[in-house]
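Me: I am new to this structure and would like a close look at a single part of it. Please start from one contact and work outwards.

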Amino acid sequence: MSEQSLSVDQIPVEELLNIHQMIFQPSTLDLLISHLEKGIAQGGASPDLCSAVLRLYLLYPQCANAEVVRKILVQNIVALPENQFGYYACISPSHFPSPEDEKRVQDILTLQEHIESCNFKAVWAMLREPDMADVLHTPGVVDALRRYICEVLQQTFSTISLSDFCQLLNLSSSSSTSSSSSSNTTSSSSNNTSSNSSNAAAAAADEKVEKLIKTRGWTIEEGSAGNKVVRLSAKDIESPKAVATRASVAHKTVEKYLSPEGLQQCLALLQP
């Protein structure tokens, strides 16, 4: 019998999510969460998988795990500029036995509010807090945030100063490092070490900025006041075909989870 049973690695998550008898059973949670952890480690979990876990938490609130909910909400940041956060937030558990657990989930809701209001300085400030280290180091989060910020800037500005650009993308930390090191002149050897570190950090930051700007087809030019500016090229209008494809995917997703088979299985589980 053990030879016929499938391990977690042997069951494709797409196949698992199509088995209505399993995705509405609390015994499936461990299996789904194992797939979720694997997806997060690889740079992004499936939205269908995230939804399946949260729906089970709705049906069985006693099984809800705040850390898992937090990780799922963070996955919406990884998927930026695509945004399903409102949907995730609506079907996520709102109360947990521990105040600490509630705060850890609420912190992600607050972070998302800063993102949606384009308060990017507050976003990076939150991510620098010690209890947000797990979010900052989640694979794909930093790259997704920078990608989203670039999308917002492209729709808002034709040019922006290079210093402001770096600050919004959290690539100007080398400047603060050099300024803080220059204020401490009590030890020459310590000063030299700090200066070398600052120069290395500045070079790395400059390389990241130049690569990002070049990748998006933008350019760095001399501004009127002698300061460097980033010239942002206009964003291409999305083709009707691409819009139709996205709409079709959304329709299929809704159709899948509101299918008669899925609803009947769910109602059967709720009956005493």
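Which residue forms a salt bridge with Arg216, and how far apart are the closest N and O atoms?

Reply: The model is a predicted one. In it, Arg216 forms a salt bridge with Glu151, and the closest N and O atoms of the two are 3.3 Å apart. The pair links distant parts of the chain, 65 residues apart. Arg216 sits in the loop between α13 (188-215) and β2 (219-222), while Glu151 belongs to helix α10. The two partners differ in burial class. Arg216 is partly exposed because its relative accessibility is 23%, and buried would mean under 20%. Glu151, with a relative accessible area of 15%, is buried.

Helix α10 covers residues 141-156 and also holds Gln154. Gln154 has a relative accessibility of 13%, so this residue counts as buried too. The side chain of Gln154 reaches the backbone oxygen of Ser233, at 2.8 Å.

From Arg216 the next element to look at is β2. This strand is part of an open sheet of 3 strands in the order β1-β3-β2, with antiparallel pairing. Both β1 (159-161) and β2 stand at the edges with a single partner strand each, so one side of each has no neighbour in the sheet. On average, neighbouring strands of the sheet are turned by 35° against each other, direction ignored.

The two pairings can be taken in turn. β2 and β3 pair in the antiparallel sense over 4 bridges. Within this pairing, Glu222 stands opposite Lys228 in β3. The hairpin of β2 and β3 has 5 residues between the strands, and there Gly226 takes a positive phi near 90°. On the other side, β1 pairs with strand β3 (residues 228-231), again in the antiparallel sense, over 3 bridges. Here Ser161 has Val229 in β3 as its bridge partner.

Back to the charged pairs. Side chains of opposite charge can pair when their charged atoms come close. The structure holds 8 salt bridges. One of them joins the side chains of Glu37 and Lys71, at 2.8 Å from N to O. Glu37 is in helix α3 (residues 29-41) and Lys71 in helix α5, so this pair links distant parts of the chain, 34 residues apart. Glu37 counts as partly exposed because its relative accessibility is 34%, and Lys71 falls in that class at 30%.

Another salt bridge is formed by Arg104 with Asp134, where the closest N and O atoms are 3.3 Å apart. Arg104 lies in helix α7 (residues 99-116) and Asp134 in helix α9 (residues 133-136), so the pair ties together parts 30 residues apart in sequence. Arg104 is partly exposed, with a relative accessible area of 22%. Asp134 is partly exposed as well, at 35%. This contact belongs to a network of salt bridges that links Glu67, Arg70, Arg104 and Asp134.

Helix α5 covers residues 66-78 and is followed by a loop that leads to α6 (85-91) and contains Ala79. Ala79 has a relative accessible area of 39%, so this residue is partly exposed. Ala79 and Gly43 are 36 residues apart in sequence, and their C-alpha atoms are 9.6 Å apart in space.

Helix α4 (residues 47-59) offers a check on length. At 1.5 Å a residue its 13 residues should span 18 Å, and the end C-alpha atoms are 19 Å apart, which agrees. The N-terminal end of α4 is capped by Ser46, with a side-chain oxygen 3.2 Å from the backbone nitrogen of Asp48. Buried residues in α4 include Leu49, Val53, Leu56 and Tyr57, and also Cys50 and Arg55.

Cysteines complete the tour. The structure holds 0 disulfides. A disulfide is a covalent bond between the sulfur atoms of two cysteines. Cys118 is partly exposed at 35% relative accessibility, whereas Cys166 is buried, with a relative accessible area of 11%.

To return to the starting point, Arg216 in its loop before β2 and Glu151 in helix α10 form a link across 65 residues.

Definitions and conventions. Residues are numbered from 1 along each chain as its sequence is written. This is a predicted model: local features need pLDDT of at least 70, side-chain atom pairs count only at pLDDT 80 or more; totals for chains, interfaces and linings use all residues. Side-chain values use heavy atoms; hydrogens and water are left out. Helices (H or I, at least four residues) and strands (E, at least two) are DSSP runs, numbered from the N terminus. Buried means under 20% relative accessible area, exposed over 50%, partly exposed in between (1.4 Å probe, protein chains only). A polar contact is a pair of N or O atoms within 3.5 Å; within protein, one must be able to donate a hydrogen and the other to accept it, and residues adjacent in sequence count only if both atoms are side-chain atoms. A salt bridge is a side-chain nitrogen of Lys or Arg within 4 Å of a carboxyl oxygen of Asp or Glu. Two strands pair if DSSP finds at least two bridges between them. Axes are lines fitted to C-alpha atoms, for helices over the stretch in contact, and angles run from 0 to 180 degrees between N-to-C directions. A disulfide is a pair of cysteine sulfur atoms within 2.5 Å. The expected span of a helix is 1.5 Å times one less than its number of residues.
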